[in-house]
Every structure is written in C-alpha cells, then in structure tokens.
Amino acid sequence: MHKTVRYGVALLSLAAGIASAHAVTLDDVKSAGYVQGATANEVPYGYMKEDGSAAGIGPDVAVAVFKRMGVNEVNWTVTPFGTLIPGLKARRFAFAAAEQNISPERCKQVTFTEPNSSYGEGLLVKKGNPKKLTTYADIAKDPSLKVAVVSGANNIDFLRAVGVKDNQIIIIQANADALSTVQTRADAYAATELTVSKLAEGGKDVEQVRPFTDPIVDGKPVRNYGGFAFRPEDKDLHDAFNKALVEFRKTDDYKKILTSYGLSEESIKAAAAKNVADLCAGK
C-alpha cells in the first residue's frame, strides 16, 4: 500500500530537518527511510483512495522507481492541482507525481523527469452533447458558451490558443467539481482524454465528446507529456530518480501500470519517443 502522511513528532522533526537543507539528496531520503510526495485528486493520473493510500499512473510508477533506488516508503499528501508547483517550491514535499504536462512555462519553475506518460485532450458535456461540440474551437465560435477548467491546468492555454475568451472560462479548484459544474453553469469541462473518460464513466447525465478532435496549436495537434516534478536545487535526487525511471520504462511492469489505467500502447510509445529537453524548449 502507498503510505499516507504520518503525524508522529519524530517524523515531523525529521521532515523539518530535511526540508531546511539547501538541497535534498538521495542519501538524505535513504537516511530518513521515506520520501514525501504529492499528488492531486485526478483519476487516473494520481489520487487518494478511500483507505488513505495513493494510486494512479504517477504514484504507482513513483513507488516502483523509488523501490529500485532503495527507498521503500513514499508518504503521500494530496493538494489541488494548481498548488502542486507552489507547494513543491515551498518545500512541503520532495516531488510531485500528478502527470503534469511538461511545458516551457512549468520548466522555468521546476525540474521535470523524462516523460512518464502521453495523452490527448477531451471534453465532458451534458448527456446528448446538446451544443454539438467536437473540439475546443467550437466553443470559441459561440461567445455564449462556458467551459470549465481546473485551476493551474494547461488546458486553459489550449482554449485560449484556439480563440476561447477568458470570460467564457470558469475556473474550478478540483477535478471532482467538474460534474456539478457541467450540470449547473458550464456547457463543457476541458481536461485530458483520460480524465474526461473516467468522469464520464462515473457521472450521471454527462458524456465524453466522441469523436473529439485535439486542438491545433502552432500548426500541430496538442498532445500532453506528463512527468514528475522536482525542485531545481534537488539535482541529486532528481537525477537519481530520472535515471531509475528511464530504466523502469523498459520493463513489462512499467507497461502494466500504464495500461491498467487505460493508456494505450501508442501513448506509451509516444511518451518514450519524446525527451524532456525538447519539451521544455517547446519542441
């Protein structure tokens, strides 16, 4: 089971000692006996289960990689998606595992690993798709339409790129708010294809737009590449994790994790074909 945060005095003192250091190293983590990770409640990328354990593409892979590094415990905390990077920079945890898209803007703030996943875009709408939406650009064509986006998610950049105005965008704090928002005050919810698929499976009176055409930005269809985020100063920990991740991606166990959450073989191959340097450069 992926452990959640424990609140013993000794553990908190140890965590405070690590956090106060200028940089967290792999040796620090091994000495502590655990590493502090964070995820956001967004199925299937990273979320907390009812029993208090973490699950999802990011947490499952992170646990497996850290075990390969000799760290057998990850203590998880959950935070809104938009606070993952601020929380990391504030040293509330050592890394983020939420399959955040590796973008040039985010790369200015944190250090990403090589891609761990790849995924396209999607729209969640009311049952029957009453507005007949097929892509983000359809929302731009009708100024009366409203679309919801989670705070901090890069979907807002794609919406703006195809002409959606800010007064058409409703910011929500968590993926869990999407169902009620679509039912009451938005015509659609913009998120990644897997997020939308999972919401559509568990929600009444909503559906995933199918067929859906990924938005075209700078002349090419948008595709996200999710990775793990570390603080730039924690280079030793990042480099050790990144090296172990690259090796783990070659295994069947890695593929089993990703496919168990709905990622296709094509998406797994697409992630492996990209590198973090190019993604941070916007290539």
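Begin with the whole chain in view: among the contacts in the protein chain with a separation of 6 or more, 72% join residues that are 24 or more positions apart. Keep in mind throughout the tour that this is a predicted model.

Next, colour the chain by secondary structure, and look for the 13 helices and 15 strands that the protein chain contains. The radius of gyration of this chain is 19 Å, close to the 19 Å that the globule rule gives for 283 residues, so the chain is as compact as a globular protein of that length. If you turn the model along its principal axes, the C-alpha atoms fill a box of roughly 55 × 35 × 35 Å.

Now switch on the surface. The accessible surface of the protein chain comes to about 12700 Å², and carbon and sulfur atoms contribute 51% of it. Beneath that surface, 53% of the 283 residues count as buried. Selecting the charged residues brings up 35 positive and 33 negative charges, whose mean positions are 1 Å apart.

Hide the surface again and select the aromatic side chains, where the structure holds 10 aromatic pairs. Start with tryptophan 76 and phenylalanine 95, whose ring centres are 5.6 Å apart and whose planes stand at 70°, so this pair is edge-to-face, an arrangement that requires planes over 60 degrees apart. Tryptophan 76 belongs to strand β4 (residues 74-78) and phenylalanine 95 to strand β5 (residues 95-101), so the pair ties together parts that are 19 residues apart in sequence. Are these two residues buried or exposed? Tryptophan 76 has a relative accessibility of 1% and counts as buried, and phenylalanine 95, at 0%, counts as buried too; the cut-off for buried is under 20%.

Move on to phenylalanine 228 and phenylalanine 241, where the ring centres lie 5.0 Å apart and the planes are at 70°, so this pair is also edge-to-face. Here the link runs between distant parts of the chain, since phenylalanine 228 sits in strand β15 (residues 224-230) while phenylalanine 241 sits in helix α10 (residues 235-248), 13 residues apart. Both phenylalanine 228 and phenylalanine 241 are buried.

For the last stop, which residues do ring pairs link into a cluster? Select Phe66, Trp76, Phe95, Phe228, Phe230 and Phe241 together, and you will have that cluster on the screen, with the residues of both pairs you have just visited among its members.

Terms used: Residues numbered from 1 in each chain as written. Predicted model: local features only at pLDDT ≥ 70, side-chain atom pairs only at ≥ 80, totals over all residues. Heavy atoms only, no water. Helix = DSSP H or I, 4+ residues; strand = E, 2+ residues; numbered from the N terminus. Rg over C-alpha atoms; globule rule 2.2 N^0.38 Å. Buried < 20%, exposed > 50% of the residue type's maximum accessible area, 1.4 Å probe, protein only. Contact = heavy atoms within 4.5 Å. Areas by Shrake-Rupley, 256 points an atom, 1.4 Å probe, with all protein chains shown as cover. Lys, Arg positive; Asp, Glu negative; His and termini not counted. Charge placed at Lys NZ, Arg CZ, Asp CG, Glu CD. Phe/Tyr/Trp six-rings, centres within 6.5 Å; stacked < 30°, edge-to-face > 60°.
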